[in-house]
Amino acid sequence: MTDNTALGPEDRKLITLARATRARNAVPEGAAVRDETGRTYVAGTVGLASLRLSALQTAVAMAVAGGAKSLEAAAVVSEASSVADTDRAAVRDLGGPDTPVLLAGTDGTPGPVVTAG
């Protein structure tokens with residue numbers, strides 16, 4: 001876990017995008033990821049009868065579908081107090097173990113920053 005007071009504007013943008021997606025779609029979580037070219041992908045929780053994905057898993061899948069080769073960072077806005085291992089695994093699969101994963105509360109307040117590792 002690292003200090004969240006040093007978040008740069010691009011990381012804060014991920015939190016803003018994730019929060020907006022969560023609110024707009026009225027889903028439990030919102031997430032955003034930034035790929036190696038600086039493109040961002042946003043997603044909310046998918047809760048279909050036949051398909052259940054967290055917001056972060058969905059954002060990673062969207063990045064892959066969009067041609068991303070790697071991730072620079074990921075963010076999730078949630079009521080959870082930690083990032084799920086399955087979410088960190090999805091980020092790790094595309095971004096590697098050192099990819100930062102930011103967690104923010106539903107009000108957008110940054111919480112812990114962990115790595116995908």
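Author: Helices here are DSSP runs of at least four residues and strands are runs of at least two, numbered from the N terminus. The label H2 is to be read in this way, and Gly-67, just after H2, takes a positive phi of about 95°. The model is a predicted one.

Reader: How many helices and strands does the protein chain have, and in what order do the elements run?

Author: There are three helices and seven strands in the protein chain. Starting at the N terminus, the order is α-β-β-β-β-α-β-α-β-β. The radius of gyration is 12 Å, close to the 13 Å that the globule rule gives for 117 residues, so the protein chain is as compact as a globular protein of that length. Along the principal axes, the C-alpha atoms fill a box of roughly 40 × 30 × 25 Å.

Reader: What share of the contacts with a separation of 6 or more comes from residues 24 or more positions apart?

Author: A contact requires heavy atoms within 4.5 Å. In the protein chain, such residue pairs account for 57% of those contacts. Strand S6 (residues 100–104) offers a case, since it contains Ala-104. Ala-104 lies 4.8 Å from Val-77, C-alpha to C-alpha, although 27 residues separate the two in sequence. Beyond its neighbours within four places, Ala-104 is in contact with several residues, including Ile-15, Val-76, Thr-109 and Gly-111.

Reader: Is Ala-104 buried or exposed?

Author: A residue is buried under 20% relative accessible area and exposed over 50%. Ala-104 has a relative accessible area of 2% and is therefore buried. Of the 117 residues in the protein chain, 42% are buried. Helix H2 (residues 55–65) contributes several buried residues, among them Leu-56, Val-60 and Ala-63. By contrast, Ala-26 has a relative accessibility of 70% and so counts as exposed. Ala-26 belongs to the loop between helix H1 (9–25) and strand S1 (30–35), and its phi is near 50°, a positive value in a residue other than glycine.

Reader: How many salt bridges does the structure hold?

Author: Side chains of opposite charge can pair when their charged atoms come close. The structure holds five salt bridges. In one of them, Asp-11 meets Arg-34 at 3.0 Å, N to O. Asp-11 lies in helix H1 and Arg-34 in strand S1, so this pair ties together parts that are 23 residues apart in sequence. Both Asp-11 and Arg-34 are buried, and a network of salt bridges links them with Glu-72.

Reader: Which residue forms a salt bridge with Asp-35, and which forms one with Asp-85?

Author: Asp-35 forms its salt bridge with Arg-39, the closest N and O atoms being 2.9 Å apart. Asp-35 has 0% relative accessibility and therefore counts as buried, whereas Arg-39, at 37%, is partly exposed. Asp-85 forms a salt bridge with Arg-88, with 3.3 Å between the closest N and O atoms. These two residues both lie in helix H3, three residues apart, about one turn of the helix. Asp-85 is exposed, with a relative accessible area of 58%.

Reader: Which side chain of opposite charge is nearest to Asp-87, and how far away is it?

Author: A salt bridge requires a side-chain nitrogen of Lys or Arg within 4 Å of a carboxyl oxygen of Asp or Glu. For Asp-87, the nearest side chain of opposite charge is Arg-88, 9.3 Å away, and Asp-87 is buried yet has no salt bridge. Asp-87 is found in helix H3 (residues 85–95). Not counting residues up to four places away in sequence, Asp-87 touches Glu-29, Ser-54, Leu-56 and Gln-57.

Technical notes:
Residues numbered from 1 in each chain as written. Predicted model: local features only at pLDDT ≥ 70, side-chain atom pairs only at ≥ 80, totals over all residues. Heavy atoms only, no water. Rg over C-alpha atoms; globule rule 2.2 N^0.38 Å. Buried < 20%, exposed > 50% of the residue type's maximum accessible area, 1.4 Å probe, protein only. Lys, Arg positive; Asp, Glu negative; His and termini not counted.
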